[in-house]
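This briefing sets out the main structural features of one protein chain for a reader at the bench. Please consult the sequence and the structure shown here alongside the notes.

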Amino acid sequence: MVQPKYERVVLKLSGEAIAGEKGYGIDPATIDVMVQEIKEIYELGVEIAIIVGGGNIWRGQIGEEMGMERAQADYMGMLATVMNALALQDVLENNDVPTRVQTSIEMRQIAEPYIRRKAIRHLEKSRVVIFAGGTGNPYFTTDTTAALRAAEINADVILMAKNNVDGVYDSDPSINVEAKKFDELTHLDVIAKGLKVMDSTASSLSMDNDIPLVVFNLNEPGNIKRVVLGENIGTTVLA
Ligand code: UDP
């Protein structure tokens with residue numbers, strides 16, 4: 001059997017990845033395509049923790065722009081990530097992939113509360129763990145959650161799945177046709193150059209805790225497996 005490069009991964013899926021073509025809400029057919037890919041690496045024996053975003057339903061910033069208090073709007077964003085997590089869990093389990101959802105804010109009737117040691121135990125028992133609710137704190141993002149949980153569970157890498165973007169560029173490739181893609185960078189380069197990979201809190205946390213990151217295009221079939229097998233696609237951000 002092929003040997004994966006990573007034993008334990010954190011897969012960051014943005015809310016956008018769950019919305020599909022519509023760009024808003026939850027599209028089970030889109031999730032299904034993604035789940036087939038996740039299942040491929042699950043079957044390789046990779047331990048998988050998933051962090052889901054919520055931008056397909058709500059972002060704190062939207063609320064703030066409408067005049068809401070930022071913290072209040074951010075809590076709504078965190079709840080949006082829980083809806084995505086439950087949708088993802090449903091499709092994974094329909095495809096015979098055992099899962100547990102853990103929320104950073106307690107919702108006992110819906111999911112387990114986040115308990116680090118329990119999460120690790122689930123991973124060791126070949127259950128996919130979906131971390132919902134972000135960090136549980138306003139003013140943070142699910143990218144930062146990915147960096148935080150990756151450090152907590154000793155993940156080998158963060159897999160940053162992007163929608164229709166195949167890596168990190170020196171400028172926006174949708175605007176600048178001359179934009180150059182980086183094959184390899186460091187977190188320090190990302191911060192110093194102000195590159196849009198994760199937010200700066202997430203980058204600093206990943207740098208301080210020596211967690212590498214691979215940014216790749218989720219919409220290219222087979223990419224999650226390629227990254228896990230160590231193929232050089234996308235951009236690798238070294239610790
Ligand atoms: N959020 C938060 N704290 C966190 C994670 C998320 O307040 O630790 C809120 C925030 O309002 C954010 C929203 O949840 O806008 C959705 O998360 P994010 O923007 O990271 O989702 P994505 O862009 O990945 O879809």
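The notes below are grouped by topic, from the chain as a whole to single residues.

The model is predicted. Its chain holds nine helices and 11 strands. The radius of gyration is 17 Å, close to the 18 Å that the globule rule gives for 239 residues, so the chain is as compact as a globular protein of that length.

**Overall dimensions and packing**

- Along its principal axes, the C-alpha trace spans about 55 × 50 × 35 Å.
- Of the 239 residues in the chain, 44% are buried.
- When contacts between residues at least 6 apart in sequence are considered, 71% of them join residues at least 24 apart.

**The sheet**

- Nine strands make up an open sheet with mixed pairing, and their order is S4-S3-S5-S2-S1-S6-S10-S11-S9.
- Strand S4 (112–113) and strand S9 (184–186) occupy the edges; each has a single partner strand, so one side of each has no neighbour in the sheet.
- Strand S1 (residues 8–13) runs parallel to S6, and five bridges join the two. Within this pairing, Leu11 has Leu159 of S6 as its bridge partner.
- S3 and S4 also run parallel and are joined by two bridges. Here the bridge partner of Thr103 in S4 is Pro113.

**Strand S5 and its partners**

- Five of the five residues of S5 are buried, so this strand is largely enclosed by the rest of the structure.
- In a regular strand, side chains alternate between the two faces of the sheet.
- In S5, Val128, Ile130 and Ala132 lie on one side, Val129 and Phe131 lie on the other, and all of them are buried, so that both faces are covered.
- Strand S2 (residues 47–52) pairs with S5 in the parallel sense over three bridges. Ala49 is the residue opposite Val129 of S5.
- Strand S3 (residues 99–103) likewise pairs with S5 in the parallel sense, over five bridges. Arg100 stands opposite Val129 in S5, and Thr103 stands opposite Ala132.
- Val129 therefore faces Ala49 and also Arg100, while Thr103 is opposite Ala132 in S5 and has Pro113 as its bridge partner in S4.**The ligand shell**

- There are 23 residues around the ligand, and those that come nearest are Gly53, Gly55, Gly60, Gly77 and Gly134.
- Helix H3 (60–65), H4 and helix H6 (142–152) are the elements that give two or more residues to this shell.
- H4 supplies five residues, the largest share of the shell.
- By residue class, the shell has four nonpolar, 15 polar and four charged members.

**Helix H4**

- Helix H4 covers residues 70–94; at 1.5 Å a residue, its 25 residues should span 36 Å, and the distance of 37 Å between its end C-alpha atoms agrees with this.
- An α-helix has 3.6 residues a turn, so residues three or four places apart point the same way.
- Asp96 follows H4 and has a positive phi, near 60 degrees.

**Loop residues with positive phi**

- Tyr139 is not a glycine, yet its phi is positive at about 70 degrees. This residue sits in the loop between strand S5 (128–132) and H6.
- Tyr139 counts as exposed because it has 11 C-beta neighbours inside 10 Å, and the cut-off for an exposed residue is 12 or fewer.
- Asn154, which is also not a glycine, has a positive phi of about 55 degrees. The loop that holds Asn154 lies between H6 and strand S6 (157–162).
- Asn154 has 12 other C-beta atoms within 10 Å, so Asn154 is exposed.

**Leu229 and the start of the chain**

- Leu229 belongs to the loop between helix H9 (223–228) and strand S11 (235–238).
- With 16 C-beta neighbours inside 10 Å, Leu229 counts as partly exposed.
- Although Leu229 and Lys5 are 224 residues apart in sequence, their C-alpha atoms are 5.2 Å apart in space.
- Leaving aside residues up to four places away in sequence, Leu229 touches Val2, Pro4 and Lys5.

Notes
Residues numbered from 1 in each chain as written. Predicted model: local features only at pLDDT ≥ 70, side-chain atom pairs only at ≥ 80, totals over all residues. Helix = DSSP H or I, 4+ residues; strand = E, 2+ residues; numbered from the N terminus. Expected span 1.5 Å × (residues − 1). Near = placed C-beta within 6 Å. Nonpolar A, V, L, I, M, F, W, Y, C, P; charged D, E, K, R; others polar. Buried ≥ 20, exposed ≤ 12 C-beta atoms within 10 Å, placed from the backbone. Rg over C-alpha atoms; globule rule 2.2 N^0.38 Å. Contact = placed C-beta atoms within 7 Å. Pairing = 2+ DSSP bridges.
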